[in-house]
Amino acid sequence: KKRYVKFALICSAPVAEGDAKKAMYSVFSSLFGEQGIARQKLWPIRWFPEKNEGIVRCSLAGLEEVKAGLLFIRQAAGQSVVPLIVAVSGSVGKLK
(Lines give C-alpha, C1' and ligand atoms only; values in the text may rest on other atoms or scores of the structure.)
Protein backbone atom coordinates (compact mmCIF):
# COMPACT_ATOMS: atom_id res chain seq x y z
CA LYS A 1 0.00 0.00 0.00
CA LYS A 2 1.05 3.56 -0.67
CA ARG A 3 0.69 6.71 1.36
CA TYR A 4 0.99 10.31 0.25
CA VAL A 5 2.51 12.92 2.55
CA LYS A 6 1.94 16.63 1.97
CA PHE A 7 4.58 18.81 3.57
CA ALA A 8 5.56 22.48 3.59
CA LEU A 9 8.92 24.21 3.87
CA ILE A 10 8.35 27.48 5.69
CA CYS A 11 10.83 30.17 4.66
CA SER A 12 10.99 33.74 3.38
CA ALA A 13 11.47 33.06 -0.35
CA PRO A 14 10.09 30.50 -2.82
CA VAL A 15 12.06 27.26 -3.19
CA ALA A 16 12.45 25.72 -6.64
CA GLU A 17 11.41 22.09 -7.17
CA GLY A 18 14.97 20.95 -7.89
CA ASP A 19 16.28 22.57 -4.71
CA ALA A 20 13.54 20.96 -2.62
CA LYS A 21 14.26 17.50 -4.09
CA LYS A 22 18.00 17.94 -3.56
CA ALA A 23 17.50 18.95 0.09
CA MET A 24 15.11 16.05 0.69
CA TYR A 25 17.35 13.38 -0.88
CA SER A 26 20.41 14.76 0.89
CA VAL A 27 18.75 14.45 4.31
CA PHE A 28 17.23 11.04 3.57
CA SER A 29 20.48 9.57 2.25
CA SER A 30 22.39 10.73 5.33
CA LEU A 31 19.70 9.43 7.72
CA PHE A 32 18.63 6.18 6.06
CA GLY A 33 21.07 5.53 3.22
CA GLU A 34 20.21 4.38 -0.29
CA GLN A 35 18.83 1.10 0.99
CA GLY A 36 16.51 2.91 3.40
CA ILE A 37 15.18 5.17 0.64
CA ALA A 38 14.50 2.11 -1.50
CA ARG A 39 12.73 0.35 1.37
CA GLN A 40 10.54 3.40 1.99
CA LYS A 41 9.78 3.63 -1.76
CA LEU A 42 10.17 7.41 -1.46
CA TRP A 43 9.07 9.29 -4.57
CA PRO A 44 8.38 13.02 -5.01
CA ILE A 45 5.02 13.51 -6.74
CA ARG A 46 4.34 17.24 -6.92
CA TRP A 47 5.87 20.55 -5.84
CA PHE A 48 3.93 23.82 -5.47
CA PRO A 49 6.59 26.59 -5.50
CA GLU A 50 4.12 29.40 -4.80
CA LYS A 51 3.25 27.83 -1.42
CA ASN A 52 6.52 25.92 -0.85
CA GLU A 53 4.51 22.72 -0.45
CA GLY A 54 5.16 19.28 -1.86
CA ILE A 55 3.70 15.79 -2.00
CA VAL A 56 5.78 12.63 -1.70
CA ARG A 57 4.70 9.01 -2.08
CA CYS A 58 5.98 6.28 0.20
CA SER A 59 5.15 2.77 1.34
CA LEU A 60 2.82 2.24 4.28
CA ALA A 61 5.62 0.46 6.17
CA GLY A 62 7.99 3.42 5.68
CA LEU A 63 5.48 6.16 6.51
CA GLU A 64 6.78 7.01 9.99
CA GLU A 65 10.39 7.13 8.77
CA VAL A 66 9.41 9.43 5.90
CA LYS A 67 7.54 11.78 8.22
CA ALA A 68 10.52 11.87 10.58
CA GLY A 69 12.99 12.37 7.72
CA LEU A 70 11.05 15.30 6.28
CA LEU A 71 11.27 17.06 9.65
CA PHE A 72 15.09 16.91 9.49
CA ILE A 73 15.26 19.20 6.44
CA ARG A 74 16.95 22.39 7.65
CA GLN A 75 18.18 24.08 4.47
CA ALA A 76 16.98 24.38 0.90
CA ALA A 77 18.38 26.62 -1.81
CA GLY A 78 20.87 28.12 0.64
CA GLN A 79 18.24 29.40 3.06
CA SER A 80 17.01 28.08 6.38
CA VAL A 81 13.65 26.31 6.29
CA VAL A 82 11.23 24.95 8.87
CA PRO A 83 9.52 21.75 7.69
CA LEU A 84 5.89 21.03 8.50
CA ILE A 85 3.84 17.89 7.81
CA VAL A 86 0.51 19.17 6.48
CA ALA A 87 -1.42 15.93 5.87
CA VAL A 88 -1.14 12.20 5.15
CA SER A 89 -3.57 10.36 2.89
CA GLY A 90 -3.98 7.15 0.96
CA SER A 91 -5.15 9.13 -2.07
CA VAL A 92 -3.20 11.91 -3.80
CA GLY A 93 -6.43 13.58 -4.91
CA LYS A 94 -7.44 14.36 -1.32
CA LEU A 95 -4.20 16.27 -0.72
CA LYS A 96 -4.36 18.74 -3.61
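**Exercise 1. Surroundings of Ser-59**

Task: In this predicted model, find which residues Ser-59 touches, not counting residues up to four places away in sequence, and decide whether Ser-59 is buried or exposed.

Solution.
- Step 1. Place the residue: Ser-59 belongs to strand β3.
- Step 2. List the contacts. With residues up to four places away in sequence not counted, Ser-59 touches Lys-1, Arg-39, Gln-40 and Lys-41.
- Step 3. Check the accessibility. Ser-59 has 9% relative accessibility, and buried means under 20%, so Ser-59 counts as buried.
- Step 4. Look at two of the partners. Gln-40 is among the buried residues of α1, while Lys-41 follows α1 and has a positive phi, near 55°.

**Exercise 2. The shape of helix α1**

Task: Compare the end-to-end distance of helix α1 with that of a straight helix, and locate the kink in α1.

Solution.
- Step 1. Helix α1 covers residues 17-40, which is 24 residues.
- Step 2. At 1.5 Å a residue, a straight helix would reach 34 Å.
- Step 3. The end C-alpha atoms of α1 are only 21 Å apart, short of that value.
- Step 4. α1 has a kink of about 105°, and the kink is centred on Phe-32.
- Step 5. Turn to the packing. The buried residues of α1 include Ala-20, Met-24, Phe-28 and Ile-37. The elements they pack against are β1 (2-10), β2 (43-48), β3 (53-59), α2 (63-70) and β4 (75-76).

**Exercise 3. The largest nonpolar core**

Task: Name the residues that touch the most other members of the largest nonpolar core, and state which element gives the largest share.

Solution.
- Step 1. The largest nonpolar core has 20 residues, and those touching the most other members are Leu-9, Val-56, Leu-70 and Ile-73.
- Step 2. Two or more residues of this core come from each of β1, α1, β3 and α2.
- Step 3. The largest share is that of α1, with six residues.
- Step 4. Take Val-56 as an example. Beyond its neighbours within four places in sequence, its contacts include Tyr-4, Val-5, Phe-7, Met-24, Trp-43, Ile-45, Val-66 and Leu-70.
- Step 5. Set this beside a general tendency: in soluble globular proteins, nonpolar side chains tend to be buried together.

**Exercise 4. Salt bridges**

Task: Count the salt bridges, then describe the pairs Arg-39 with Glu-65, Glu-64 with Lys-67 and Glu-53 with Lys-51.

Solution.
- Step 1. The count is five salt bridges.
- Step 2. Arg-39 and Glu-65 form a salt bridge through their side chains, at 3.0 Å from N to O. Arg-39 is in helix α1 and Glu-65 in helix α2, so this pair ties together parts 26 residues apart in sequence. Glu-65 is partly exposed, at 27% relative accessible area.
- Step 3. Between Glu-64 and Lys-67 the closest N and O atoms are 3.5 Å apart. Both residues lie in helix α2, three residues apart, or about one turn of the helix. Glu-64 is exposed at 53%, and Lys-67 is partly exposed at 24%.
- Step 4. For Glu-53 and Lys-51 the closest N and O atoms are 3.8 Å apart. Glu-53 is buried at 14%, whereas Lys-51 is partly exposed at 49%. A network of salt bridges links these two residues with Lys-6.

**Exercise 5. Cysteines**

Task: State how many disulfides are counted, and say whether Cys-58 is buried or exposed.

Solution.
- Step 1. The count of disulfides is zero.
- Step 2. Cys-58 is buried, at 1% relative accessibility.
- Step 3. Cys-11 is partly exposed, with a relative accessible area of 23%.

Notes:
Residues numbered from 1 in each chain as written. Predicted model: local features only at pLDDT ≥ 70, side-chain atom pairs only at ≥ 80, totals over all residues. Heavy atoms only, no water. Helix = DSSP H or I, 4+ residues; strand = E, 2+ residues; numbered from the N terminus. Expected span 1.5 Å × (residues − 1). Bend = angle between axes of the 7 residues up to and from the residue. Buried < 20%, exposed > 50% of the residue type's maximum accessible area, 1.4 Å probe, protein only. Contact = heavy atoms within 4.5 Å. Disulfide = S-S within 2.5 Å. Core = buried A, V, L, I, M, F, W, Y, C linked by side-chain atoms within 4.5 Å. Salt bridge = Lys/Arg side-chain N within 4 Å of Asp/Glu carboxyl O.
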